[in-house]
Amino acid sequence: MLSSQELRVLFITSEVFPLCKTGGLGDVSAALPAALRSLQNDVRLLLPGYPKVLAGVKYKSKVADFNTLPQFPPATLFSARLSLSKSENIPVFVIDCPGLYQREGGPYMDTLGRDWPDNALRFGLLSKIGAILSSDASPLAWRPHIAHCNDWQSGLTPAYLHYHSGKKAATLMTIHNLAFQGIFPPGSVVQLGLPAESFDINGIEYYANMSFLKAGLYYADHITTVSPNYAEEIQTEPLGFGLQGLLATRRRHLTGIINGIDTREWDPATDPHLVQNYTSKKLSDKAANKSALQQQMGLAVDADIPLFGVVSRLNHQKGTDLLIQIASQLVKIPAQLVVLGSDHAELEHQLSTLTQAYPDAIAVRIGFNEALSHLVEAGADCFLMPSRFEPCGLNQMYSQHYGTPPIVHATGGLLDTVVDYTPAKLADGSASGFLFYPMTADNLLSTIKRASLAYHNKKVWQRLQKNGMAKDFSWHASAAAYREIYLSLLP
Ligand code: ADP
Ligand code: GLC
């Protein structure tokens, strides 16, 4: 039996907080490896060398050259450390490939929101180097037992390893969102150095194209996804996105493990982005954050009106269209709405139009703003997350931890992490928010009204807040569950 220190894991990911984050994957890629390391596992990250990553890591030293991979431009591998806090940093390997990663824009899209045309190569290289480092072809002395792949961007690692005849690590594929699959034309298979035979229904082929994610799901030794409920949902239509059949046949090798939250980054008692820190023992201190948020966003400053907050990608998945549909009725309750987010241009535009109609009651900030996202979590009374589907979701956990009960659609990880308010569940300590189902504008609006009523009953509301704040959303149990899976994959 391996001792903890001996379990080596290469955690392959396309984003990591604080250097590069477009959503929850960035948060998880920092917090889960840190939690696993605190359980004494030797977890190291592998990341693409985007400009911010190369500039942001510390103690960089070159450890290998990859100049002769026939399908890819020359690349250099650096070993470095990523600072997560003043006292903690974790080891990372960074792929410096200027031809693929040195450019202005996001990790997946250019500044105008168009996918990079060479994404197959960009994440093909991430997957390929992940596979090399996880096999006896590695130029490094450090060799992982487990290659832990995350989302489509590292989905080809298990496929490359499958076709490697030498010694290799076991593979774990984690699905953070099945809606993003990394689909490219069939010719990409051979261009990326995989055998033509892998382009098969039993392999990488997906409706006549190739799919990075399907490759991972097909070839990985084990699959996890980020909540138990989502693990069930993706085995059927419509949330299987065409992969429900494959996932159902692999169900013995599919586990749902709920994400945790980084309680050092997200702690109302110490959060530097708040104007007033607070704990569940003195919830009255939360109020200063509400008035600061109202002021900063140009809303009427009013302690008594319920303030609903949203921090989200603004798109179909997140149900932004439903929010827009009910916003003018939310205002009439009366209530206020603050939205921070970006993504779909038309939805951004519609939200901005609403602020002109209701300048005192609706405020919208388009863009990504880490500091403001913390103030919304603390300053809002109630958090809105009407996602059509949600593999796990982090904001509903942040908001419960901040004493800001969430309203969520009963789907995916939202259903696993929020307990609906009823008098009985309030009394037994479990209720900490509001669930609605099915996903209609009417249901969303009536749940917002239900929450507003509860808000005006101080006793009920405080109990809801305290119930949420008392819940354990830390990574502790989930990191231990990942370790169990790693151990089960060892020969
Ligand atoms: P997803 O990964 O699907 O976007 P999650 O709830 O798992 O959803 O995680 C989203 C993460 O991104 C959270 O940490 C959230 O606070 C953050 N986030 C989303 N939009 C913004 C934004 N506009 N500004 C700051 N943080 C944001
Ligand atoms: C994805 C999902 C989200 C999840 C996050 C981290 O982006 O949409 O639900 O919390 O990944 O796993």
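**Exercise 1.** Determine which side chain makes a polar contact with the side chain of Asp 381, and establish whether Asp 381 is buried or exposed.

*Solution.* Begin with the partner: the side chain of Asp 381 makes a polar contact with that of Lys 290, at 2.7 Å, where a polar contact is a pair of N or O atoms within 3.5 Å and, within protein, one atom must be able to donate a hydrogen and the other to accept it, while residues adjacent in sequence count only if both atoms are side-chain atoms. This is a predicted model, in which local features need pLDDT of at least 70 and side-chain atom pairs count only at pLDDT 80 or more, whereas totals for chains, interfaces and linings use all residues. Residues are numbered from 1 along each chain as its sequence is written, chains are lettered from A and ligands numbered from 1 in the order in which they are written, and side-chain values use heavy atoms, with hydrogens and water left out.

Next, place the residue: Asp 381 is found in the loop between α13 (370-379) and β16, helices (H or I, at least four residues) and strands (E, at least two) being DSSP runs numbered from the N terminus. Because its relative accessible area is 10%, Asp 381 is buried (under 20%; exposed is over 50%, partly exposed in between, with a 1.4 Å probe and protein chains only). Finally, beyond its neighbours within four places in sequence, Asp 381 is in contact (heavy atoms within 4.5 Å) with residues including Lys 286, Lys 290, Tyr 455 and Trp 461.

**Exercise 2.** Check the length of helix α18 (residues 458-470), and find what its buried residues pack against.

*Solution.* The expected span is 1.5 Å times one less than the number of residues, so the 13 residues of α18 should span 18 Å, and the end C-alpha atoms, 18 Å apart, agree with this. The buried residues of α18 include Val 460, Trp 461, Leu 464 and Gln 465, and the buried residues of this helix pack against β16 (382-385), α14 (395-401), α16 (423-427), β18 (434-436) and α17 (441-455).

**Exercise 3.** Describe the polar surroundings of ligand 1, and state how much of its area the protein buries.

*Solution.* Start with the atom pairs: an oxygen atom of ligand 1 is 2.6 Å from an N or O atom in the side chain of Asp 27, and a nitrogen atom of ligand 1 lies 2.7 Å from a backbone N or O atom of Gly 367. Taken alone, ligand 1 exposes 560 Å², of which the protein buries 93% (Shrake-Rupley method, 1.4 Å probe). Among the elements, β13 gives the most to the shell around ligand 1, with three residues.
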